[in-house]
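Visitor: Could you take me through one part of this model in close-up? I'd like to see what sits around the main core, and then how the rest of the chain relates to that part.

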Amino acid sequence: MVSPSPSLACRALLSTFVFLLLLLTTGCEWGSIGYNKGYAPDQPIAFSHALHAGTYKVQCLYCHSTAERAAHSAVPSLNICMNCHKVLTTKNDAINKIALEFNQGKELEPVPWVKVHMLPDHVKFNHQAHVQKFGAPNACHKCHGPVETMETVYQHSSLSMGWCVNCHRQPEHQAPVSCSTCHY
């Protein structure tokens, strides 16, 4: 039996080291594909969660009201924005754009926000179940991170299957880990 040459073994060791170094320096999480972590798309209207949820303490469920009663958390329609901005005297381009759309009779239409937190089509996430279990904003922070500090919202967590399953496996959550929980 012939043993591998020292140079071949060194190359294999060096390749493994380089691979691990790349994983560590690119911010890859173990067990994660890294679905869009850090993704922060440009939005059609400048909106600061740091100002609204942080400074002014607007609760998540005020704007994302369906999260506690539906599987999906809808984006707010213009009338939600205008509940405050009809009486606020501060005007800027974003507020003027919202007011113009609202005054044109589009008050029940959502702003065409670019989706930030994306999952593969074969994965279902039930906002209602999580909000009912942990309450808002605790449930929101688990996946979305400290949104109240974000000037521009970005995807805080990887939202990979491993990331979700690790949370479900925590004894205090008593959450199901069967495939059909998220794949249906």
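Guide: Here is a walk through the core, then its surroundings, then a pocket elsewhere in the list of features. Keep in mind that this is a predicted model. To set the scene, the protein chain has 8 helices and 0 strands, so if you read along the sequence you get α-α-α-α-α-α-α-α. Of the 184 residues in the chain, 22% are buried.

Now for the close-up. The largest nonpolar core has 9 residues: Ile-45, Leu-78, Cys-81, Met-82, Ala-94, Ile-98, Ala-99, Phe-102 and Val-111. Two helices, H4 (78-85) and H5 (93-103), each put at least two residues into this core. H5 gives the largest share, with 4 residues.

Stay with H4 for a moment, since His-85 lies in that helix too. His-85 has a relative accessibility of 14%, and because the cut-off for buried is under 20%, it counts as buried. Skip its neighbours within four places in sequence, and His-85 is in contact with His-52, Lys-91 and Ile-95.

Next, have a look at Glu-101, whose number falls within the 93-103 range of H5. Glu-101 pairs up with Lys-106 in a salt bridge, and their closest N and O atoms are 3.4 Å apart. The count of salt bridges comes to 1. How open is that pair? Glu-101 is partly exposed at 28% relative accessible area, and Lys-106, at 27%, is partly exposed as well. Both values fall in the partly exposed class because they are neither under 20% nor over 50%.

Stepping back to contacts across the chain: take those between residues at least 6 apart in sequence, and 69% of them join residues at least 24 apart.

Last stop, the second largest pocket. Its volume is about 400 Å³. The lining runs to 23 residues, and the closest to the pocket's centre are Phe-125, Asn-126, His-130, His-168 and Ala-175. Helices H6 (127-134), H7 (138-144) and H8 (161-168) are the elements that give two or more residues to this lining. By type, the lining divides into 14 nonpolar, 6 polar and 3 charged residues.

So, to pull the helices together: H4 and H5 each supply at least two residues of the largest nonpolar core, while H6, H7 and H8 each give two or more residues to the lining of the second largest pocket.

How values were computed:
Residues numbered from 1 in each chain as written. Predicted model: local features only at pLDDT ≥ 70, side-chain atom pairs only at ≥ 80, totals over all residues. Heavy atoms only, no water. Core = buried A, V, L, I, M, F, W, Y, C linked by side-chain atoms within 4.5 Å. Buried < 20%, exposed > 50% of the residue type's maximum accessible area, 1.4 Å probe, protein only. Salt bridge = Lys/Arg side-chain N within 4 Å of Asp/Glu carboxyl O. 1 Å grid on protein atoms, 1.4 Å probe; cavity = no way out; pocket = protein on both sides within 12 Å on 5 of 7 lines; lining within 4 Å. Points joined across faces, edges and corners; volume = space filled by probe spheres on them. Nonpolar A, V, L, I, M, F, W, Y, C, P; charged D, E, K, R; others polar. Contact = heavy atoms within 4.5 Å.
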